Amino acid sequence: MAIVKNVSRAVSQLLQSSGCGCGISTVPVRCIGVSPRQVASDASFHSVSFSESDHPRVLITGGLGQLGVGLAKLLRKRFGKNNVILSDIRKPADNIFYSGPFIYADILDYKNLREIVVNNRITWLFHYSALLSAVGEANVPLARAVNITGLHNVLDIAAEHNLRLFVPSTIGAFGPTSPRDPTPDLCIQRPRTIYGVSKVHAELMGEYYHYRYGLDFRCLRYPGVISADSQPGGGTTDYAVQIFHDAIKTGKFQCNLKPDTRLPMMYIDDCLKATLEVMEAPAEALSMRTYNISAMSFTPEELVQEVQKHVPELQVTFNVDEVRQAIADSWPMNFDDRNARRDWGWKHDYDLPELVATMFSFLG
């Protein structure tokens, strides 16, 4: 227990150090403060009237990331604001805090997480808590605890309380020995980062719980996700976001990948739509529990050509980062997502021209 508490404390310190740091002056009644041992019983959204046959009760863990916030907004429009609870171990920005129920939830605290599920009658759980590639490689024991031990807690609680569970996977779940063009749903997976290894583990454990205990586990492998709301963070696919900011601010862009490096990409609206669609799909329609999804695949050179249709004076140079290039060369060039399109009708809305036009529309 001491080890788990220490790891939990380290996770909190790590994530809080990179959080928004926004202060909270007033706590609305609808939101809930949680200690590691007790969930407040007088929070108003505990007694919100709703039809369980019409709408699920949703919990999103690790929800303060780009995808969690976007998903909460989408689900609240669909199921009602009070039926979707966003959670994390960081303090949310004011606009997120006041937009709907928010709760503190540490996935390494099994008892607390179980109380949250029981007290709020959760029926759907979206598990976004994870340490991503760069942070994970810098602290492998911490990544192992959050990405694997945290997953085990979620799996056990979901199985015990008959939840429908969604866990995202990633393009990083494949490795240099996987087929790259295209990459099918089922093939060899030997990733070389702790993040990728933990996602393969999540896929296999979720499928095992499904076949062994009947858990309604669902998983999508996301490609690179592009959004105007997020700032580039130095990741391998972040050049596809950086180019828009540089085109607007300076008119000059330096790409750290080779011009012909092809990777699968997706606009965030398509990513969130696919996530909701696979969760709403009838169980009997699913021939597997982990699916590839894709919208487009492009190279930096192809993206530059499309961007220059909007900013013709954009100057582009290529200064290859060998580390990022090695990672990109081990990832799929194209996702084969025919099973998703066949089984539950997946269809993307954004191709490369629509993506570029939308990004410029949002960024000005």
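The following paragraphs describe the helix packing, some buried residues and the backbone features of a predicted model.

The protein chain holds 13 helices and 13 strands. Of its 364 residues, 53% are buried. Long-range contacts are a good place to begin: among contacts between residues at least 6 apart in sequence, 79% join residues at least 24 apart. The accessible surface of the chain amounts to about 16,200 Å², and carbon and sulfur atoms account for 51% of that surface.

Three helix pairs can be described in turn. In the pair formed by helix 2 (residues 66-79) and helix 9 (residues 268-280), the axes lie 10 Å apart and the packing angle is about 55 degrees. That angle makes helix 2 oblique to helix 9, and the crossing of the two is right-handed. On the side of helix 2, the contact is made by Gln-66, Leu-67, Gly-70, Leu-71, Leu-74, Leu-75, Arg-78 and Phe-79, while helix 9 contributes Ile-268, Cys-271, Leu-272, Lys-273, Thr-275, Leu-276 and Glu-280. Sorted by character, the residues of this contact comprise 9 nonpolar, 3 polar and 3 charged. As a reminder on spacing, an α-helix has 3.6 residues a turn, so residues three or four places apart point the same way.

Helix 13 (residues 352-363) takes part in the other two pairs, beginning with its packing against helix 8 (residues 239-249). Here the axes are 11 Å apart and the angle is about 50 degrees, so helix 8 and helix 13 are oblique to each other. Their crossing is right-handed. Phe-244, His-245, Ala-247 and Ile-248 of helix 8 make the contact with Val-356, Met-359, Phe-360 and Leu-363 of helix 13. This contact has 7 nonpolar residues and 1 polar residue, with no charged residue.

The second partner of helix 13 is helix 10 (residues 300-307), and the axes of these two helices come within 10 Å and cross at roughly 55 degrees. Helix 10 is thereby oblique to helix 13, in a crossing that is right-handed. From helix 10, Glu-302, Leu-303, Glu-306 and Val-307 meet Leu-352, Pro-353, Val-356 and Phe-360 in helix 13. The makeup of this contact is 6 nonpolar and 2 charged residues, with no polar residue. Val-356 and Phe-360 of helix 13 thus appear in the contact with helix 8 and also in the contact with helix 10.

Helix 4 (residues 110-119) offers a view of packing that also involves strands. Its buried residues are Asn-112, Leu-113, Glu-115, Ile-116 and Val-117. These residues pack against strand 1 (58-61), strand 3 (102-104), strand 4 (124-127) and helix 6 (140-160). Arg-121, which follows helix 4, has a positive phi. This residue lies in the loop between helix 4 and strand 4, and its phi is about 55 degrees although it is not a glycine. With 31% relative accessibility, Arg-121 counts as partly exposed.

Helix 6 also holds Asn-153, which counts as buried at 12% relative accessibility. Leaving aside residues up to four places away in sequence, Asn-153 touches Ile-107, Leu-108, Asp-109 and Tyr-110. The last of these, Tyr-110, falls within the residue range of helix 4. Beyond helix 6, the loop leading to strand 5 (164-166) contains Asn-162. Asn-162 has a positive phi of about 60 degrees, again without being a glycine. This residue counts as exposed, with a relative accessibility of 66%.

A second polar side chain worth a look is that of Gln-325 in helix 11 (residues 322-330). Gln-325 is buried, because its relative accessible area is 2% and buried means under 20%. Its contacts, not counting residues up to four places away in sequence, are with Asn-256, Leu-257, Lys-258, Thr-261 and Val-320.

Finally, the backbone has a cis peptide bond from Asp-181 to Pro-182, with omega near 0 degrees. Pro-182 sits in the loop between strand 6 (169-170) and helix 7 (194-213).

Terms used:
Residues are numbered from 1 along each chain as its sequence is written. This is a predicted model: local features need pLDDT of at least 70, side-chain atom pairs count only at pLDDT 80 or more; totals for chains, interfaces and linings use all residues. Side-chain values use heavy atoms; hydrogens and water are left out. Axes are lines fitted to C-alpha atoms, for helices over the stretch in contact, and angles run from 0 to 180 degrees between N-to-C directions. Helices (H or I, at least four residues) and strands (E, at least two) are DSSP runs, numbered from the N terminus. Angles under 35 degrees count as roughly parallel, over 145 as roughly antiparallel, 65 to 115 as roughly perpendicular and the rest as oblique. A crossing is left-handed if the near helix is turned anticlockwise from the far one by less than a right angle, and right-handed if clockwise. Contact means heavy atoms within 4.5 Å. Ala, Val, Leu, Ile, Met, Phe, Trp, Tyr, Cys and Pro count as nonpolar, Asp, Glu, Lys and Arg as charged, and the others, Gly among them, as polar. Buried means under 20% relative accessible area, exposed over 50%, partly exposed in between (1.4 Å probe, protein chains only). Accessible areas come from the Shrake-Rupley method with a 1.4 Å probe; for residues, only the protein chains shown count as cover.
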